[in-house]
Structure formats: structure tokens, C-alpha cells
Amino acid sequence: MPESLLAGERFRIGYALAPRSVSSFIQDSLIVYAEKRGVDLIPIDLEKPLIEQGPFDSVFHKLYDAEWKKQLEEFSLENPTAIIVDPIESIEKLHNRVSMLDAVKQLKIENLEIPLQAFVDSNESLQDGIANQGMKFPLIAKAVIANATADAHQMSLVLNRDGLNGIKTPIVLQEFVNHGGVIFKVYVAGDHVKCVKRKSLGDITEEKLENSENLIPFSLISYFADNDQSDESLAKLMEAAVMPPSSFVNEVSKQLRRALKLHLFNFDMIRDSRDGNRYLIIDINYFPGYAKVPEYEQMLTPCFLDLAHQKRSKETANIAHEADSNGHKTQEADSNGHIVDN
């Protein structure tokens, strides 16, 4: 795929983001890098109807309310070849942790799983929910709704049955898998993928299970997990962590993108400490903070260019279809049996 558009050709992307999301995506370095390659990033004025703005070849957004959804539908009707990144109905599947990881189950990839988890809608059914799934402690308690709100990020580590007494339902409980204190965050932008490793909760030994609190909020987990590790040892741990094979990461990303029907997302993947070939996806997020990724401009801009060529193909197909429709004549036999054009 070309690294830029043809001379004089521009691809205009309108972006609609909440103010807090702008800095995690739109930075000067991206604007300049993309602009040099024929892509213009243009803020959408949320105080004005979308249909009155533009022209836009594509719309990137991270808004979900009913009014915005209506505006996107109107825009798409008026601009059938414009590309919406991404459809709200596809995004909404990631806003519910009960169904968030369903797409992973559809993938046909060896050595890839999701942790055991259970949705519990009442405190009375907490024990049954765990038993029915065959789950073992420790567990991670996660809010059902996964979005940009503060409550969605409130999580706790449940270390034993007594810890369940502090849980408020409804809740999603996910079995914790020891993974060496390293998590792999995989960022996807269309066909372009970047995997980075980040510090995570360290392995939980039987000794820690027996000599700890029953329930620990994630805000205090760093102390629980790392009170016996120095900064130097943690740095060595991160440096020694081997990245997953790039071919594996790329295949997971490709299949997951198709299953989710999304262009922009990231997923958190861990490697089982007991089995180095076993990987688990534990979380998926729509439109993450790409600016955290080193050289993210070089990842996103090719995605923009892919969309530009995709739009051009749609336009070419539409023109060909219209030409075919206008030039097509039906033929029938007249009363004498001769073929005539209508």
C-alpha cells in the first residue's frame, strides 16, 4: 500500500471525541505526520449538526448517545461512500463485560483462551456463580459496564470466600491467572498492529493467599503484589519478559478485528506462568489511548491511507454500478417475434 496519497489528493477525516479523549489520540505529531501524507484531521463541532459540516471522507468518533447515533445515520445516508469508524452497534458489544469476550470464543487459534468468568446479579447467588463455572480463588471483580466512566474502572481482587462479602452486585467475576507480572497490550488500527508489554499484578502464591486481606481494591494491589520487589528487580522482570511471537499477535488481531467488526481497539493478553504456550485475552477496549504507543503516528497514518483507498474503491464501484444501470437496456420480442430494445 502506498505510504501517501497521490499529489494533490487529500483524505479528510472528521473526528468527534469528548475533550478528555482528544489528547490521547490527536497530538501535533500525528497531525503533521498525517498531513504530509495527504490526510487531514479535522475536529467536528459537537454544537452543530454533523450533516452541516465537512465534507468528510471518514468520521472517527467515540460518542454513543442516541442523538449522535441519529446524526451518524443521517450523514451516512447523504454520504454513502464515507467510512464511519466505527459502527456504534459494534462498539456497544465492548461496553458490557458479560459479552465483551464472546468474540474471542469465535476465533480459531490454538493456545488462545479467555479466563473462566461468571456474571452474578445478586449477592445470594455469588457462591453458586463461582461453583457453576468451576472457578478458583483468587478472582477479579469487575463492573459489568465497561466505558469511560470512573465506576467502570473500579476493580477488586477477591482472595477468598470471605472477600465475597464486600462485593456489590451485579458484577462480573473473572478467575485470576498468574502471568509473571507482565501484560501484553495489543493495539489495533485496521490491519496495523503494535504490541507492547506493561507491568501487571505479580503472581499470587499460596502464601499470599493465606496471609492477606480478603478483598483488595485495585488501587492498593500494587502494594500487595510488589512489596517484596525493588524497582530494579521489577525493571529486570520487564526487560526479561519475552514478547509473544509477532505472527501469533498479528493473527489474533486479524481474526478478532473481523469478529468484532471494528477498526480501532486494543486487547489485554497475558501468558500463563504455568504454561508458556497458553495465552488469555482478559479485556478489550474500543478506541484506546494510542498516544501511549511509541511512534503511534506511524501506525495510525497507514490505517488512514488504507481507509482512503477503501473509499476510493467504493466510489469506483458506485460509478461503475450507475453506468451499468444507466446503460442497461432490457430486450423483449415484438408481436412479430423480433427482438427489440426497451
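How many cavities of 30 Å³ or more does a search of the whole structure find? One. Before I get to that cavity, a reminder that what we have on screen is a predicted model.

Okay, the cavity. The volume of this largest cavity comes out at about 40 Å³. Around the space you'll find Arg97, Met100, Leu101, Gln117, Lys142, Val172, Gln174, Ile282 and Asp283 as the lining. Two elements give two or more residues to that lining, namely strand 9, which is 171-175, and strand 14. If you sort the lining by class, you get four nonpolar, two polar and three charged residues.

Let me stay with strand 9 for a minute. Is strand 9 enclosed or not? Five of its five residues are buried, so strand 9 is largely enclosed by the rest of the structure. And that holds on both faces: Ile171, Leu173 and Glu175 point to one side, Val172 and Gln174 to the other, and all are buried. Two of those names, Val172 and Gln174, you just heard as part of the cavity lining.

Now, who pairs with strand 9? Strand 6, residues 117-120, does so in the antiparallel sense over four bridges. Strand 7, residues 139-142, also runs antiparallel to strand 9, and four bridges join them. Keep an eye on Leu173 here. The bridge partner of Ala118 is Leu173, and Leu173 is the bridge partner of Ala141 too.

Next, the sheet that holds strand 14. Here we have five strands in an open sheet, ordered 5-14-13-10-11, with mixed pairing. Which strands stand at the edges? Strand 5 and strand 11, the latter being 192-199; each has a single partner strand, so one side of each is left without a neighbour in the sheet.

Walking across from the strand 5 end, strand 5 and strand 14 pair in the parallel sense, over two bridges. Leu112 stands opposite Tyr279 in strand 14 there. Two helices pack on this sheet. Helix 9, residues 231-240, touches strand 10 and strand 11, and its direction makes about 150 degrees with that of strand 11. Helix 10, residues 246-260, touches strand 5, strand 10, strand 11, strand 13 and strand 14, and makes about 130 degrees with the direction of strand 13.

Going on to strand 13, seven bridges join it to strand 14, residues 279-286, and the two run antiparallel. Met269 stands opposite Ile281 in that pairing. On the other pairing, strand 10, which covers residues 182-189, meets strand 13 in the antiparallel sense over six bridges, and there Lys185 stands opposite Asp268.

How many of the residues of strand 13 are buried? Eight of the eight, from 264 to 271, so strand 13 is largely enclosed by the rest of the structure. On one side sit Leu264, Asn266, Asp268 and Ile270, on the other Phe265, Phe267, Met269 and Arg271, so to speak, and all are buried.

Right, one more space to look at, the second largest pocket. The volume here is about 290 Å³. Among the residues lining this pocket are Lys136, Phe137 and Pro138, then Glu175, Phe176, Val177 and Asn178, and also Arg274. Glu175 is a name from strand 9, where it is buried. The class count for the pocket lining is six nonpolar, two polar and four charged residues.

Last bit, the backbone oddities. Most residues other than glycine have a negative phi, and most peptide bonds are trans. With that in mind, the bond from Gly54 to Pro55 is cis, with omega near 10 degrees, and Pro55 lies in the loop between strand 2 and strand 3. Val85 and Asp86 are also joined by a cis peptide bond, with omega about 5 degrees. Asp86 is in the loop between strand 4 and helix 4.

As for positive phi, Asn111 has a value near 70 degrees. You'll find Asn111 in the loop between helix 5 and strand 5, partly exposed at 38% relative accessible area. Then there's Glu295, with a positive phi of about 55 degrees, in the loop between strand 14 and helix 11. Is Glu295 buried or exposed? Exposed, at 53% relative accessibility, since the cut-off for that is over 50%.

Terms used: Residues numbered from 1 in each chain as written. Predicted model: local features only at pLDDT ≥ 70, side-chain atom pairs only at ≥ 80, totals over all residues. Heavy atoms only, no water. Buried < 20%, exposed > 50% of the residue type's maximum accessible area, 1.4 Å probe, protein only. Pairing = 2+ DSSP bridges. 1 Å grid on protein atoms, 1.4 Å probe; cavity = no way out; pocket = protein on both sides within 12 Å on 5 of 7 lines; lining within 4 Å. Points joined across faces, edges and corners; volume = space filled by probe spheres on them. Nonpolar A, V, L, I, M, F, W, Y, C, P; charged D, E, K, R; others polar. Contact = heavy atoms within 4.5 Å. Axes fitted to C-alpha atoms, helices over the stretch in contact; angles between N-to-C directions.
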